[in-house]
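Please walk through this structure with me, moving from its open spaces to the helices around them and then to individual residues along the chain.

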Amino acid sequence: MISGRGSNLGALIADQANAPYKIVSVISNIEGAGGLARAAEAGIATQVIPHKGPLGTNKTREDFDAELDAALRAAGVEIVCLAGFMRILSDGFTRAWEGRLINIHPSLLPAYKGTHVHERVIEARESQSGASVHFVVPELDAGPVIAQARVPVHADDSPDTLAARVLEVEHKLYPAALRLLADGKVKLEKGLAVFG
Ligand code: GRF
């Protein structure tokens with residue numbers, strides 16, 4: 001599920017040929033998100049599910065999540081990857097997909113949860129940052145980590161230069177972490193990522 005340019009989706013698409021997973025569906029809450037075109041080019045079914053109702057109507061978080069859930073089930077999805085999906089999911093949704101729902105976050109979790117990560121990392125004069133792939137649990141960016149990659153932070157970094165360096169490792173990390181999950185080599189057990 002995506003909301004934007006979908007470069008991580010692109011990395012998963014590039015990896016899937018000889019991987020233990022196949023991308024069957026790409027869902028975006030934003031019409032025109034760049035990732036939708038990448039998916040379509042690769043021949044993957046796409047769907048836009050707006051998080052807002054048509055003008056003058058409301059869509060609650062639960063309504064939105066129920067639509068996502070129905071679309072995922074209809075597509076026969078077994079694992080959900082959040083790849084720049086910019087909506088917070090309800091507790092009900094995350095519980096329903098527990099152990100089969102993962103996200104990539106551009107920091108060394110548990111440090112720097114939430115948004116504006118690179119700005120905050122630079123502001124705090126950190127010497128290193130990175131990316132994490134984690135199981136999604138109801139608490140934001142708090143689920144057990146499956147894999148992490150580290151990058152240096154340079155003294156003259158801007159949020160954009162740091163984001164680019166982190167993104168480069170994200171593109172290796174996400175396929176590697178998804179392979180582990182798809183192969184059954186990592187599982188969410190009693191709130192922990194268990195390997196083996
Ligand atoms: C990535 O930095 C990811 O870590 C974060 O959102 C960004 C998505 O980028 N969750 P892209 O859409 O995959 O290019």
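In this predicted model, the second largest pocket is lined by 25 residues, and those that lie nearest its centre are Lys22, Val77, Ile79, Val80 and Cys81. The volume of the second largest pocket comes to about 510 Å³. Several elements contribute to its wall, since helix H1, strand S1 (25-28), strand S3 (80-82) and helix H6 each supply at least two residues of the lining. By class, the lining of the second largest pocket divides into 19 nonpolar, 3 polar and 3 charged residues.

The largest pocket holds about 940 Å³ of space. Its lining is made up of 39 residues, and Gly84, Met86, Ile104, His105 and Pro106 are the ones nearest its centre. Here at least two residues each come from H1 (7-15), strand S4 (101-105), helix H5 (117-123) and H6 (159-182), and H6 gives the largest share, with 5 residues. The lining of the largest pocket contains 17 nonpolar, 15 polar and 7 charged residues. Pockets of this kind can be found in a model because rolling a probe the size of a water molecule over the atoms shows where empty space is left.

H1 and H6 supply residues to the lining of the largest pocket, and H1 and H6 also supply residues to that of the second largest pocket, which makes these two helices a natural next stop. H1 is mostly covered, with 8 of its 9 residues buried; these are Ser7, Asn8, Leu9, Gly10, Ala11, Leu12, Ile13 and Asp15. The partners against which the buried residues of H1 pack are S1, helix H2 (34-41), S3, S4 and H6.

How far apart are the end C-alpha atoms of H6, and does the distance agree or disagree with the expected span? With 24 residues at 1.5 Å a residue, H6 should span 34 Å, and its end C-alpha atoms are 33 Å apart, so the two values agree. H6 nevertheless bends by about 30° at Glu170, and Glu170 is itself one of the buried residues of this helix. Others among the buried residues of H6 include Leu162, Val166, Leu167, Val169, Leu173 and Tyr174. Just after H6, Gly184 takes a positive phi of about 75°.

Gly184 also offers a way back to an earlier part of the chain, for its C-alpha atom is separated by 11 Å from that of Arg100, although the two residues are 84 residues apart along the chain. Arg100 is placed in the loop between helix H4 (91-96) and S4, and it counts as partly exposed because its relative accessibility is 30%, which is neither under 20% nor over 50%. Leaving aside its neighbours within four places in sequence, Arg100 is in contact with Glu78, Ile79 and Val80, and of these contacts Ile79 and Val80 are among the residues nearest the centre of the second largest pocket.

The backbone has some features that deserve a closer look. Most residues other than glycine have a negative phi, and most peptide bonds are trans. In the loop between S4 and H5, where Pro110 is placed, the peptide bond from Leu109 to Pro110 is cis, with omega near 10°. Tyr112 lies in the loop between S4 and H5 as well, and its phi is near 60°, a positive value in a residue other than glycine. Asp141, which is not a glycine either, has a positive phi of about 55°; this residue lies in the loop between S5 and strand S6 (145-152) and is buried, with a relative accessible area of 11%.

Is Ser129, in strand S5 (residues 128-135), buried or exposed? Ser129 counts as buried because its relative accessible area is 3%. Beyond its neighbours within four places in sequence, its contacts include Pro106, Val121, Val151 and Leu162; Pro106 is one of the residues nearest the centre of the largest pocket, and Leu162 is one of the buried residues of H6.

The walk ends in strand S8 (residues 192-195), the place of Val194. Val194 is partly exposed, with a relative accessible area of 30%, and, not counting residues up to four places away in sequence, it touches Lys185, Val186, Lys187 and Glu189. Val194 and Ile146 are 48 residues apart in sequence, while their C-alpha atoms are 8.6 Å apart in space.

How values were computed. Residues numbered from 1 in each chain as written. Predicted model: local features only at pLDDT ≥ 70, side-chain atom pairs only at ≥ 80, totals over all residues. Heavy atoms only, no water. Buried < 20%, exposed > 50% of the residue type's maximum accessible area, 1.4 Å probe, protein only. Contact = heavy atoms within 4.5 Å. 1 Å grid on protein atoms, 1.4 Å probe; cavity = no way out; pocket = protein on both sides within 12 Å on 5 of 7 lines; lining within 4 Å. Points joined across faces, edges and corners; volume = space filled by probe spheres on them. Helix = DSSP H or I, 4+ residues; strand = E, 2+ residues; numbered from the N terminus. Nonpolar A, V, L, I, M, F, W, Y, C, P; charged D, E, K, R; others polar. Expected span 1.5 Å × (residues − 1). Bend = angle between axes of the 7 residues up to and from the residue.
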